[in-house]
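Hi,

Here is the structure I promised to pass on. Have a look at it first, and my notes follow underneath.

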Amino acid sequence: GFGARLNKFFAQFRTVDEDFFDDLEELLIESDVGYETAEELTDELRDEAKLKKAKSRDELKQVIVQKLVDLYDKNGNSEDEKLIYRPDDKPNVYLFVGVNGAGKTTTIGKLAKRFKDQGKSVLLAAADTFRVGAVEQLEAWGKRVGVPVVTGKAQADPASVVYDATQRAIKEKADYLLVDTAGRLQNKKNLMNELEKIQRTIKKLLPDQPTETLLVLDGSTGQNALLQAKDFDKTTKLTGLVLTKLDGSSKGGVVLAIRNEMKLPVKLVGLGEKAGDLADFDAASYAIGLFHGLV
Amino acid sequence: MAFENLSERIQKALKNLTGKGKISEDDINKASREIRLALLEADVNFKVVKDFIKKIKKESLGKEVQESLNPGQQVIKIVNDELTKMMGETAVGLNKSKHIPTVIMMVGLQGTGKTTTVGKLAYHLQKKENARPLLIAGDIYRPAAVDQLKQIGDKLKVPVYSEANEKDVAKIVKDGLAQADKDKNDYVIIDTAGRLEIDEPLMEELERIKKVAQPDNILLVVDAMTGQAATDVAKGFDQRLDITGIVLTKLDGDTRGGAALSIRAVTGKPIIYTGEGEKLSDLENFHPDRMASRILGMGDMLTLIEKA
Ligand SMILES: Nc1nc2c(ncn2[C@@H]2O[C@H](COP(=O)(O)OP(=O)(O)OP(=O)(O)O)[C@@H](O)[C@H]2O)c(=O)[nH]1
Ligand SMILES: Nc1nc2c(ncn2[C@@H]2O[C@H](COP(=O)(O)OP(=O)(O)OP(=O)(O)O)[C@@H](O)[C@H]2O)c(=O)[nH]1
Ligand SMILES: [Mg+2]
Ligand SMILES: [Mg+2]
């Protein structure tokens, strides 16, 4: 489990002293955890160490490990981290939302491949009718992974494309319908309303859907990600996050702050541009990634 | 996330100081914490913040407080002046070649806005100089990237050079430039695929394109929402390519955009344009002073101080 892996990880740590806590705080800030969260976490760890009267460095390490595990457990359990699939509830509709360029379309392409490889029937809805080349991009993914794509006319109302796609998915009893939407910044009122309308359209035909409404977050995003999570959640109640581009030099630390504040689980991570570069979120390796520089 | 206004914070921290006179070390230390916090919340890189605070301390210590200001306001003024200076005090334009075409090459991470900016720049140059640009589709990897650029070209009635089955991007660029020579285009704008600065083969590809194209401008396109990694990214691209400038995109959002400061600090290269939306007309010249107050999260207070 998480604790055991962290234990093993901390076993390779260099000496733990006051410098250690300073380094820890710096490291957390540099991972985009945010100043407040970083300070809070470091203080808690420091206090905990004092409280437990950790005498030796080894004891100190133990205290920190325990604290991290507690913190992790407090923020939800690992059950939520799995994508939901309800076999009796076909089609399972997944709605992808997020700011411009975060990786929505690519994630849909990758996930379509995963489901297809599991032998499931998948349909894609090209509801980004706004950005030039967006429909062609999703079509190219559909072709690459062998999954049909429902499209509308350019500049058509995205909700109408979603309506058509949902009807077709119902008729064909597809296992999954993955809905791509145009990128939008969360401070744009009319674009957010359009998104709300898309979700409403799905509910009109299938009141219990979407099964998942996923916010796709670029892993290199700084503190603005918190505002993204809040505003998208307000518009279309989110069920989870997808954290992309973790193959770069960013650690996606802001997710820790989002998790602390909103209890939203990360369900998937993007690790590259190829169809296979998608993984389930693993909290332990994520946490270890955050502390990587301290080894 | 309570983004308390920095000027309010500093005022609060220095509330008990009534004396005019000189700014003391104690004042500065109190203010420093607030400045540090504000900059980190705006996503300025941690190390850049450290250096910046050092500079502010040196600048402020022992400085006379101006007649019309209180000590808090004086510190804010110093912070704002210093930040504006770091952002580059005046607006900088594109490098122009002596003979046509002037070549512009776009580089950057995935999804930052390179292709969109190619279109915006072409539109901007059309409007401003009646230019006749040629666009080169140098992204052969992303699905439908060429389609995207072609549709932008169609909208603008600007030619787009692409080759369907060529795997060597440097060759496409070379052929595109030959086309531009023949057609006497005054600008060539090269779109490239998004890539990580740590992706060795793809960074090498950019070096090859640079060698072939001898661009007058290499513009690093950076998403204004980028967090702490902005310094690594900018350094990575600059060290390999010696970029000439920066385009900061998606500033129409509500990010504070501290990445702008980080990038300036590590590359010293000017921010030339900002992206303010998805439309082809949403490109602006960079305004250092506006960016400074945006990062600091300061509104009316600043105008007040500027008048002092
Ligand atoms: N390195 C890396 N690149 C990624 C990853 N996910 C997506 N990308 C790239 O990021 C860029 C943008 O991805 P898209 O899927 O088009 O993003 P989007 O959110 O659909 O963008 P818009 O529809 O324009 O808002 C593309 O170049 C993708 O190949 C990832 O996990 N790692
Ligand atoms: N709101 C806003 N969106 C922008 C801006 N610039 C670009 N975009 C959007 O950001 C997304 C990505 O833009 P692209 O131009 O495709 O980015 P890119 O860097 O070419 O992406 P790759 O080629 O995949 O690396 C698209 O949805 C654009 O419409 C901007 O200034 N503001
Ligand atoms: Mg998309
Ligand atoms: Mg592009």
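Ligand 2 makes a polar contact with B:Gly111, where a backbone N or O atom lies 2.9 Å from an oxygen atom of the ligand. By polar contact I mean a pair of N or O atoms within 3.5 Å; within protein, one must be able to donate a hydrogen and the other to accept it, and residues adjacent in sequence count only if both atoms are side-chain atoms. A polar backbone atom of B:Gly277 is 3.2 Å from an oxygen atom of ligand 2, and from the other chain A:Asn100 brings a polar side-chain atom to 3.3 Å from an oxygen atom of ligand 2. Of the 660 Å² of accessible area that ligand 2 has on its own, the protein covers 96% (Shrake-Rupley method, 1.4 Å probe; for residues, only the protein chains shown count as cover).

A word on where this comes from: it is a predicted model, with local features needing pLDDT of at least 70 and side-chain atom pairs counting only at pLDDT 80 or more, while totals for chains, interfaces and linings use all residues. Residues are numbered from 1 along each chain as its sequence is written, chains are lettered from A and ligands numbered from 1 in the order in which they are written, and side-chain values use heavy atoms, leaving out hydrogens and water.

Back to ligand 2, which lies between chains A and B. There are 23 residues around ligand 2, and B:Lys114, B:Thr115, B:Thr116, B:Arg142 and B:Glu278 come nearest (a residue is near if one of its heavy atoms lies within 4 Å). Helix α5 (residues 114-129) of chain B supplies the largest share of that shell, four residues. Helices here are DSSP runs (H or I, at least four residues; strands are E, at least two), numbered from the N terminus.

Now for the other ligand. Residues from chains A and B surround ligand 1, so this site is shared between chains. Of its 22 surrounding residues, A:Lys104, A:Thr105, A:Thr106, A:Arg131 and A:Glu273 come nearest. Helix α5 (residues 104-117) of chain A gives the most to the shell around ligand 1, with four residues.

Which side chains reach an oxygen atom of ligand 1? A:Thr106 has a side-chain N or O atom 2.5 Å from one, and A:Gln137 places a polar side-chain atom 2.9 Å from an oxygen atom of ligand 1. The protein covers 96% of the 650 Å² of accessible area that ligand 1 has on its own.

Cheers
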